[in-house]
Amino acid sequence: ASVEPSRCNGCGDCARVCPFLAITLAPRGGVGKLALIDTLLCTGCGNCVSACPVKAVQVSSATDEAIKAQMRAALSNHPISQSPHHLIFACEWSGYAAAEIAGKLRLDYPANTRIIRVNCTGRLQPGLLLKALELGAASAMVLGCAPGVCHYEQGNEHAAAVFDQAHTLGNLMGFEERLHLKWIAADDGEGFARTVKEFVERRKTADG
């Protein structure tokens, strides 16, 4: 991760959520503070990105714009005759790994689902989840590591907090119950296929 000094307001939110103590606050010209990231300690989980209120922090391999571009690509060129697409934000250490196993086992799950791979679900922000619905996704699900086994220690806990914010805002915006959060093991291909089927069926039933 890297910090844009001109944006950073020295609030320290990024340092508080970093599970690896890679971020410190340093005096900046005698006025305020600046977040500094130790690249030897940083693992690129992205928890700091979602916590930053002024978008001063980014992970170059997974910027907000890059994730939005993936969402647009996943939802584009989709015939009206087909069922609406559902987006799955899958942690590469659990949800995405389980999806790969499901593929190798040739397990069946709805074809109108699209997977957005993220390095950690803690990288997500409420705005990104709501953006998926604004772009036309029928629903969106966050699929991450189970509590206690997160590759980035507290990434899934942070993801749960982000999801709660997005869910509350989504309901206020008229996106009632179109966001979902599930934990899954990296080696559970069958669980992935089952979860996705239930996810799509639940939305289909809600839409009548």
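**Close-up views of a parallel sheet**

**View 1. Strand E7 is enclosed in this predicted model.** Of the 6 residues of strand E7 (residues 139–144), 6 are buried, so the strand is largely enclosed by the rest of the structure. In a regular strand the side chains alternate between the two faces of the sheet. Which residues of E7 are buried on each side? On one side they are Ser139, Met141 and Leu143. On the other they are Ala140, Val142 and Gly144. Both faces of E7 are thus covered.

**View 2. Four strands line up in an open sheet.** The order is E6-E5-E7-E8, and the pairing is parallel. Strand E6 (113–118) and E8 are the edge strands. Each of these two pairs on one side only. On average, neighbouring strands of the sheet are turned by 20 degrees against each other, direction ignored.

**View 3. Strand E5 runs parallel to E7.** Strand E5 (residues 86–91) is joined to E7 by 5 bridges. What is the bridge partner of leucine 87 in E7? Alanine 140 takes that place. Alanine 140 is also among the buried residues of E7.

**View 4. E7 pairs with E8, and a helix links the two.** Strand E8 (residues 179–183) pairs with E7 over 5 bridges, in the parallel sense. Glycine 144 has tryptophan 183 of E8 as its bridge partner. From E7 the chain passes through helix H6 (residues 155–172) and on to E8. This β-α-β crossover is right-handed.

**View 5. E5 meets the edge strand E6, with a helix packed on the sheet.** E5 and E6 run parallel and are joined by 6 bridges. Cysteine 91 finds its bridge partner in E6 at valine 118. Helix H3 (residues 64–75) packs on the sheet and touches both E5 and E6. The direction of H3 makes about 165 degrees with that of E6.

**View 6. Asparagine 156 sits in helix H6.** Is asparagine 156 buried or exposed? Its relative accessibility is 2%. Buried means under 20%, so asparagine 156 counts as buried. Which residues does asparagine 156 contact, leaving aside its neighbours within four places in sequence? They are Thr121, Cys145, Ala146, Pro147, Gly148, Cys150 and Trp183. One of these, Trp183, is the residue of E8 that bridges to glycine 144. Asparagine 156 thus lies in the crossover helix and touches a residue of strand E8.

Technical notes
Residues are numbered from 1 along each chain as its sequence is written. This is a predicted model: local features need pLDDT of at least 70, side-chain atom pairs count only at pLDDT 80 or more; totals for chains, interfaces and linings use all residues. Side-chain values use heavy atoms; hydrogens and water are left out. Buried means under 20% relative accessible area, exposed over 50%, partly exposed in between (1.4 Å probe, protein chains only). Two strands pair if DSSP finds at least two bridges between them. A crossover is right-handed if, with the strands pointing away from the viewer, the path from the first strand over the helix to the second runs clockwise. Axes are lines fitted to C-alpha atoms, for helices over the stretch in contact, and angles run from 0 to 180 degrees between N-to-C directions. Contact means heavy atoms within 4.5 Å.
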